Amino acid sequence: MIDTNHTPRHESQFDRRAFIAAAGALGLSLSAGSALALTRSGQPSRTRNQPEAPAPADAAPPMPGYFGWATLADRALFIPGDGGNSMLLLSAKGDSCILIDAKMPYIASTLRREVEARGTRIESLVNTHHHLDHIGGNHAFTADIRTVAHAKAKARIPEQLERLQQAIKNGVRTISSSDSPEKETVLKEVEALAAAADAMTIDKWMPTQAFSGQIGAANLGTMPVDLHQVGPGHTDNDLIVHAPQLDVIHMGDLVFNNLHPFIDRDGGGSVKEWIKSLKYAKRLCKARTVVVPGHGDVTDSKGLDAMIAYFDTSMDFIQKQMRQKKTREEIVAMTVPGTEERGFPHLKERAMGAMYDELKG
Ligand SMILES: [Zn+2]
């Protein structure tokens, strides 16, 4: 999806539900209204509501499987839903691959099975940051697959153990209410995980390799893939994953495409610094570079521009209200003009509050 001005109609229901589960597990308070609206909308979930890949000329038909797999570029595949967006980068021969982000913990076995069903050997898994909707699936990989995250992410994973276990158990309900044609197979996998969840220890989720530089190839496999860490943003450990040969970039949650963002100040995030990461990523982009956001539709460099504009406009707006002596309570209840159509409305007040707090210092 190149158009960054679209409404969030393509945002899959399932992804929203999984995100809400993730948000709940992260301790975000979501209004009952938003959860109710999701339950009542009755739209068939996700997946058959296919994500739109950004290469219209050779757009491939949807690929079989539980996830709404889509082609991003030659040798780059998009895996939406059940947590953050994942991406699969295939080697020139297609016999090996690098997986970016591991989704929610309950779907881990399914994710690994579908990746391997493509006849490709997973050389590395990269976590774009420590949130459980991106590292949750690590437990299906770390025993035998190189799993790379920023050093600061490793420090933040252990405190999530209970939430990770709970998210696995909650997955049974999530899959039971899904309308996926693959539901029976996936439910068996999720039930098996849920039965073992309480006995799982945090080492199952720990990356096997820490990345602490600013730019590096990190020895991920046979294909050149660069990791970039610019500084604090969504958290203090966001990695930008760039495959220059394939001309694709995974931004992790540095991009919530046309959605209200989660700004994790407790996790070391900062809006002022976040903008620097977005501007940095723009310099990696060429005319047709595909940009994968952590949440929302696939985009290109315009998605980076839109995210920068969202923060600039919002910070200016909030600062103006502060000069007019508006209270925090009054300000977080406001909607920044131009952001009315953004998805994840349940995150709006929290985002406004985080920006207010940062400006207040
Ligand atoms: Zn996140």
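What covers the buried residues of helix 9? Keep that in mind while we get our bearings; the tour comes back to helix 9 at the end.

**Getting started**

This is a predicted model. Show the whole protein chain as a cartoon and you have eleven helices and twelve strands to find your way around. Colour by burial if your viewer lets you: of the 361 residues, 50% count as buried. As for contacts between residues at least 6 apart in sequence, 70% of them join residues at least 24 apart.

**Stop 1: the sheet**

Select strands 1 to 7. Together they form an open sheet, in the order 1-2-3-4-5-6-7, with mixed pairing. Strand 1 and strand 7 are the edge strands, each pairing on one side only. Look along the sheet and you can follow the twist, which averages 25 degrees from one strand to the next. We'll walk across from strand 1.

**Stop 2: the hairpin at the edge**

Zoom in on strand 1 (70-73) and strand 2 (76-79). The two run antiparallel and are joined by three bridges. To check the register, pick Ala-70, which stands opposite Phe-78 in strand 2.

Now click on the turn. The hairpin has two residues between its strands, and Arg-75 is in that loop. Its phi is near 70 degrees, a positive value in a residue other than glycine. That is worth a pause because most residues other than glycine have a negative phi. Is Arg-75 buried or partly exposed? A residue needs 20 or more C-beta neighbours to count as buried; Arg-75 has 19 inside 10 Å, so it counts as partly exposed.

Staying in strand 2, select Leu-77. This one counts as buried because it has 24 C-beta neighbours inside 10 Å. Show what surrounds it: leaving out residues up to four places away in sequence, Leu-77 touches Trp-69, Thr-71, Leu-72, Met-87 and Leu-88. You can also draw a distance from Leu-77 to Leu-89; they are twelve residues apart along the chain, and their C-alpha atoms are separated by 6.6 Å.

**Stop 3: strands 3 and 4**

Met-87, which we just met as a contact of Leu-77, takes us onward. Select strand 3 (residues 86-90) and strand 4 (residues 96-100): they pair in the antiparallel sense, over four bridges. Met-87 stands opposite Ile-100 in strand 4.

**Stop 4: strand 6 and its two partners**

Next, select residues 146-150, which make up strand 6. On one side is strand 5 (residues 121-126), running parallel to strand 6 and joined to it by three bridges. Look for Ser-124 standing opposite Arg-146 in strand 6. On the other side is strand 7 (residues 209-211), again paired in the parallel sense over three bridges. Here Val-148 stands opposite Gln-209.

Why is strand 6 described as largely enclosed by the rest of the structure? Four of its five residues are buried, so that description follows.

**Stop 5: two helices crossing**

Hide the sheet and bring up helix 3 (residues 108-116) with helix 7 (residues 183-196); they pack with their axes 8 Å apart, at an angle of about 130 degrees. That makes helix 3 oblique to helix 7. Show side chains where they meet: Ala-108, Ser-109 and Thr-110 come from helix 3, and Val-186, Glu-189 and Leu-193 from helix 7. By class, this contact has three nonpolar, two polar and one charged residues.

**Stop 6: helix 9, and the opening question**

Select residues 301-323. Helix 9 has 23 residues and reaches 33 Å from its first C-alpha to its last, close to the 33 Å expected at 1.5 Å a residue. Highlight the residues that are buried here: Ser-301, Gly-303, Leu-304, Met-307, Tyr-310, Ser-314 and Ile-318. Now show what lies over them. The cover includes helix 8 (271-284), strand 12 (290-292), helix 10 and helix 11.

Step just past the end of helix 9 and you reach Lys-325, with a positive phi of about 65 degrees.

**Last stop: Phe-344**

Two of the covering helices point to our final selection: Phe-344 lies in the loop between helix 10 (328-332) and helix 11 (348-360). Phe-344 is not a glycine, yet its phi is positive, about 50 degrees. Is it buried or exposed? With 24 C-beta neighbours inside 10 Å, Phe-344 counts as buried, whereas Arg-75 back in the hairpin counts as partly exposed.

Note on methods:
Residues are numbered from 1 along each chain as its sequence is written. This is a predicted model: local features need pLDDT of at least 70, side-chain atom pairs count only at pLDDT 80 or more; totals for chains, interfaces and linings use all residues. A residue is buried if 20 or more other C-beta atoms lie within 10 Å of its own, exposed if 12 or fewer, and partly exposed in between; C-beta atoms are placed from the backbone. Two strands pair if DSSP finds at least two bridges between them. Axes are lines fitted to C-alpha atoms, for helices over the stretch in contact, and angles run from 0 to 180 degrees between N-to-C directions. Angles under 35 degrees count as roughly parallel, over 145 as roughly antiparallel, 65 to 115 as roughly perpendicular and the rest as oblique. Two residues are in contact if their C-beta atoms, placed from the backbone, lie within 7 Å. Ala, Val, Leu, Ile, Met, Phe, Trp, Tyr, Cys and Pro count as nonpolar, Asp, Glu, Lys and Arg as charged, and the others, Gly among them, as polar. The expected span of a helix is 1.5 Å times one less than its number of residues.
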